[in-house]
Amino acid sequence: VALEKGFYKEAGIDLELMQGGPGRLPFGKLKRQEATFVSGWLSTAIQQRAMGLPVVNLSQILQRSALMLVARKSSGITSLQSLNGKRLGLWGGDFRIQPLAVCRAYNLNVTVVPVYATINLFLKGAVDAVSVMWYNEYHSIINSGINPDELTVFFFADLLGSFPEDGIYCLESTFITNGELCKRFIQASIKGWIYSFENKQEALEIVMKFENQAHLQTNRAHQRWMLARMQDLIMPTGDKTDVGKLNI
């Protein structure tokens, strides 16, 4: 939305977008200096920093983790300890950091089953619980015909403390030598989010245009849910002045 509305151009930034998604790890692009700014998870950034990559958190967009575990109550999972001996569907890579940390912290013995871009294994009963994002796959599970009261849900923010996902990062060298550019980029990005929350229908039309161009399977109802949940995660207090601050 910020790009479509010209907020980066107003900030004097000639922006070139790069394709994201699975297999295109953002911090790898920073390391190879293929990107100036990337969006990444705080837990991954901490790990990368510990491994020697000098990343800087310029703005923490999400203020609370949206990562959660979902299980059917009919599977006998009504508490965290009842996950013992169950099949747990997890995404790969960085998405496993928090789930595996919970298993270690709570001494859970689970069988990890790899899941990929869909919730099909969970819907078919091939896994007892699955990791999802509150703003995305959780809504897809409900839309499949399963009622919320049939589900047991665990938010990782409640189990480990909050390690919120999407923040905006750059290298230390960029921050030191181009501090003003960093400031203008963050201001334009935050302006785009606030505009989206204040102009939801227009924001949905912009998103749907790009979704259709990419031939992605989605609809306005799902995108409307996602935007509402992102507002909950980005601006939990309702105060626009708190957007983008790292408060954990």
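A residue counts as buried when its relative accessible area is under 20%. Residues over 50% are exposed, and those in between are partly exposed. The legends below use these terms for a predicted model.

**Figure 1. Overall view of the predicted model****.** Of the 248 residues of the protein, 43% are buried. The protein contains 11 helices and eight strands. Its C-alpha atoms occupy a box of roughly 55 × 40 × 35 Å along the principal axes. A compact globule with 248 residues would have a radius of gyration near 18 Å, and the value of 19 Å for the protein agrees with this. Among contacts with a separation of 6 or more, 77% join residues 24 or more positions apart. The exposed area of the protein is about 13100 Å², of which carbon and sulfur atoms supply 52%. A search of the whole structure gives 13 salt bridges; several of these appear in the later views.

**Figure 2. Strand S6 and its covered faces.** S6 spans residues 129-133. Five of its five residues are buried, so the strand is largely enclosed by the rest of the structure. In a regular strand the side chains alternate between the two faces of the sheet. In S6, Ala129, Ser131 and Met133 lie on one side, and Val130 and Val132 lie on the other. Both sides are covered, with these residues all buried.

**Figure 3. Pairing of S6 with strands S3 and S4.** Strand S3, residues 67-72, pairs with S6 in the antiparallel sense over five bridges. Within this pairing, methionine 68 has valine 132 of S6 as its bridge partner. S4 also pairs with S6, here in the parallel sense and over two bridges. Glycine 89 has valine 130 of S6 as its bridge partner.

**Figure 4. Salt bridge between aspartate 128 and arginine 87.** The closest N and O atoms of aspartate 128 and arginine 87 are 3.1 Å apart. Aspartate 128 lies in the loop between helix H5 (120-123) and strand S6, whereas arginine 87 lies in strand S4, so the salt bridge ties together parts that are 41 residues apart in sequence. Aspartate 128 is buried, with a relative accessible area of 13%. Arginine 87 is partly exposed, with a relative accessible area of 34%.

**Figure 5. Loop position of glycine 93.** Glycine 93 is in the loop between strand S4 (87-90) and helix H4 (97-105). Its relative accessible area is 58%, so glycine 93 counts as exposed. Glutamine 60 is 33 residues from glycine 93 along the chain, and the C-alpha atoms of the two are separated by 21 Å.

**Figure 6. Helix H9 and its surroundings.** H9 covers residues 179-198. At 1.5 Å a residue, its 20 residues should span 28 Å, and the distance of 29 Å between its end C-alpha atoms agrees. The buried residues of H9 are Cys182, Phe185, Ile186, Ala188, Ser189, Ile190, Gly192, Ile194, Ser196 and Phe197. Cover for these buried residues includes helix H1 (7-10), helix H8 (172-177), helix H10 (200-213) and H11, together with strand S2 (55-60) and strand S8 (166-171).

**Figure 7. Salt bridge within H9.** Arginine 184 and glutamate 180 meet through their side chains in a salt bridge, at 3.7 Å from N to O. The two residues are four residues apart in H9, so about one helical turn separates them. An α-helix has 3.6 residues a turn, so residues three or four places apart point the same way. Arginine 184 is partly exposed, at 24% relative accessibility. Glutamate 180 is also partly exposed, at 48%.

**Figure 8. Salt bridge within helix H11.** The side chains of aspartate 232 and arginine 229 form a salt bridge at 2.9 Å, N to O. Both belong to helix H11, residues 220-234, where a spacing of three residues separates them by about one helical turn. Aspartate 232 is partly exposed, with a relative accessible area of 34%. Arginine 229 is buried, with a relative accessible area of 15%.

**Figure 9. A salt-bridge network.** Lys29, Arg32 and Glu34 are linked in a network of salt bridges.

Methods: Residues numbered from 1 in each chain as written. Predicted model: local features only at pLDDT ≥ 70, side-chain atom pairs only at ≥ 80, totals over all residues. Heavy atoms only, no water. Buried < 20%, exposed > 50% of the residue type's maximum accessible area, 1.4 Å probe, protein only. Salt bridge = Lys/Arg side-chain N within 4 Å of Asp/Glu carboxyl O. Expected span 1.5 Å × (residues − 1). Contact = heavy atoms within 4.5 Å. Rg over C-alpha atoms; globule rule 2.2 N^0.38 Å. Areas by Shrake-Rupley, 256 points an atom, 1.4 Å probe, with all protein chains shown as cover. Pairing = 2+ DSSP bridges.
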